[in-house]
Amino acid sequence: MATYSLGEIKNSVPPIVQQRTINPGTQLDTFEFLTSGGNINLSITNISGGGNVNLSLFHDANGNGSLDQNDTFLGSSGRNNQLDESLNINGSTLQGKFFARVSKQVVFGVGEIPVSYKFSASLNSFSDLLPEENTLGTISQDTTRSGAVGDLDTTDVYSFSVNQNDLIRIKLSKQGGNTRLRLIEDRNQNQQVDSSDRVIAGFNQIVARGRFNGPAINYLLQVQQVSGETNYQVTFDRSPFSTT
Ligand SMILES: [Ca+2]
Ligand SMILES: [Ca+2]
Ligand SMILES: [Ca+2]
Ligand SMILES: [Ca+2]
């Protein structure tokens, strides 16, 4: 088991990114960090090598600096097949030390082979991490998805592409708390929102345009908690040949 200390994660600064490998003989990496309160965004991307990793997060509730039975489990993400993992926790009332655990699952029949991954962490009310959470592919017909965001999952990410000369009208209908949409073209493809990306935010509707007579554009849509717990439905309405 390896432990990596990230120090204090601050609001509105670029995510902390670490490329790590779990070698045979160990099962677990732990990333320790401090915050003075704020939304905690974690992702694991680029999982490769022999096996799969999963993510879980704990808060040092008793403030003794180490992870023990009296601490609070905040959430986990355990997808199969080297798919990205993500956790987005509303931590506005939580401060102090946190422990993010990355655990290896050995794939049966493969044996122990090193598994590598990229771990990202940030403290931002609106997550700046873009893991592949829900993959829609090319939007070639009207598509609807439903989900929920709230204090234990502040952000959902949908990745999709828009063919040339198409226009996709994205509409959000919601029940419960308040949410907003943010559409990102991750131009530098680093799975983070940064200044070189194209970003549009809106509350109930956003338009994703394809290129005029050019290759498809890959977009990421975030459904983000503003307040409370929300059940939502997001629809992607395709209008071909209408980018002008
Ligand atoms: Ca503790
Ligand atoms: Ca996994
Ligand atoms: Ca989510
Ligand atoms: Ca980017």
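Me: How do β4 and β7 pair, and over how many bridges?

Reply: Start with the general idea: strands of a sheet pair through backbone hydrogen bonds, and the pairing is either parallel or antiparallel. Here, in what is a predicted model, β4 and β7 pair in the antiparallel sense, over five bridges. If you want a spot to look at, find S43, whose bridge partner in β7 is S86.

Me: Which strand has eight bridges to β4?

Reply: That's β9. Strand β4 covers residues 40-49 and β9 covers residues 115-123, and they pair in the antiparallel sense over eight bridges. Two pairs to click on: S48 stands opposite S116 in β9, and T45 has K118 as its bridge partner in β9.

Me: What order do the strands of that sheet have?

Reply: Read across the sheet, strand by strand, rather than along the chain. The order is β2-β9-β4-β7, an open sheet of four strands with antiparallel pairing. Edge strands are the ones that pair on one side only, and here they are β2 (16-22) and β7 (85-89). As for twist, neighbouring strands of this sheet are turned by 15° against each other on average, ignoring direction.

Me: Is β4 mostly covered or mostly open?

Reply: Count buried residues along the strand. Seven of the ten residues of β4 are buried, so the strand is mostly covered. For the whole protein chain, 34% of the 244 residues count as buried.

Me: What order do the strands have in the open sheet of five?

Reply: Use the trick of reading across again. This open sheet runs β1-β3-β8-β5-β6, and its pairing is mixed. At the edges you find β1 (2-8) and β6 (72-77); each has a single partner strand, so one side of each is left without a neighbour in the sheet. Neighbouring strands here are turned by 20° against each other on average, again with direction ignored.

Me: How many bridges join β5 to β8?

Reply: Eight bridges join them: β5 (residues 52-59) and β8 (residues 96-105) run antiparallel. To find the pairing on screen, look for H59, which stands opposite F98 in β8.

Me: Now the far end of the sequence. Which strands does β13 pair with?

Reply: Take the partners one at a time. With β16 (residues 217-240), β13 (residues 166-185) shares 18 bridges, and the two run antiparallel. R169 stands opposite D237 in β16, which gives you a place to look. Next comes β15 (residues 205-209), joined to β13 by five bridges, also antiparallel. There, K171 has Q205 as its bridge partner. Finally, β14 (residues 198-202) pairs with β13 in the antiparallel sense over five bridges, and R182 stands opposite A201 in β14.

Me: How do I read the surroundings of a single residue, say S159? Is it buried or exposed?

Reply: Count the C-beta atoms around it: a residue is buried if 20 or more others lie within 10 Å of its own. S159 has 20 other C-beta atoms within 10 Å, so it is buried. You'll find S159 in strand β12 (residues 155-162).

Me: Which residues does S159 touch?

Reply: Leave out residues up to four places away in sequence, and S159 touches E132, T135, L136, N218 and L220. Another distance to check is from S159 to L183: they are 24 residues apart along the chain, and their C-alpha atoms are separated by 9.8 Å.

Me: Let's zoom out. How many helices and strands does the protein chain have?

Reply: Zero helices and 16 strands. The radius of gyration is 19 Å, close to the 18 Å that the globule rule gives for 244 residues, so the chain is as compact as a globular protein of that length. Along the principal axes, its C-alpha atoms fill a box of roughly 60 × 45 × 30 Å. For contacts with a separation of 6 or more, 79% are between residues 24 or more positions apart.

Me: Where are the domains?

Reply: Domain 1 spans 2-123 and domain 2 spans 136-240. Their centres, taken over C-alpha atoms, are separated by 26 Å. Eight residues from domain 1 and nine residues from domain 2 make up the contact. On the domain 1 side, the touching residues divide into three nonpolar, five polar and no charged.

Methods:
Residues are numbered from 1 along each chain as its sequence is written. Chains are lettered from A and ligands numbered from 1 in the order in which they are written. This is a predicted model: local features need pLDDT of at least 70, side-chain atom pairs count only at pLDDT 80 or more; totals for chains, interfaces and linings use all residues. Two strands pair if DSSP finds at least two bridges between them. Axes are lines fitted to C-alpha atoms, for helices over the stretch in contact, and angles run from 0 to 180 degrees between N-to-C directions. The radius of gyration is taken over C-alpha atoms; the globule rule is 2.2 Å times the number of residues to the power 0.38. A residue is buried if 20 or more other C-beta atoms lie within 10 Å of its own, exposed if 12 or fewer, and partly exposed in between; C-beta atoms are placed from the backbone. Two residues are in contact if their C-beta atoms, placed from the backbone, lie within 7 Å. Domain bounds come from an automatic or database domain assignment. Ala, Val, Leu, Ile, Met, Phe, Trp, Tyr, Cys and Pro count as nonpolar, Asp, Glu, Lys and Arg as charged, and the others, Gly among them, as polar.
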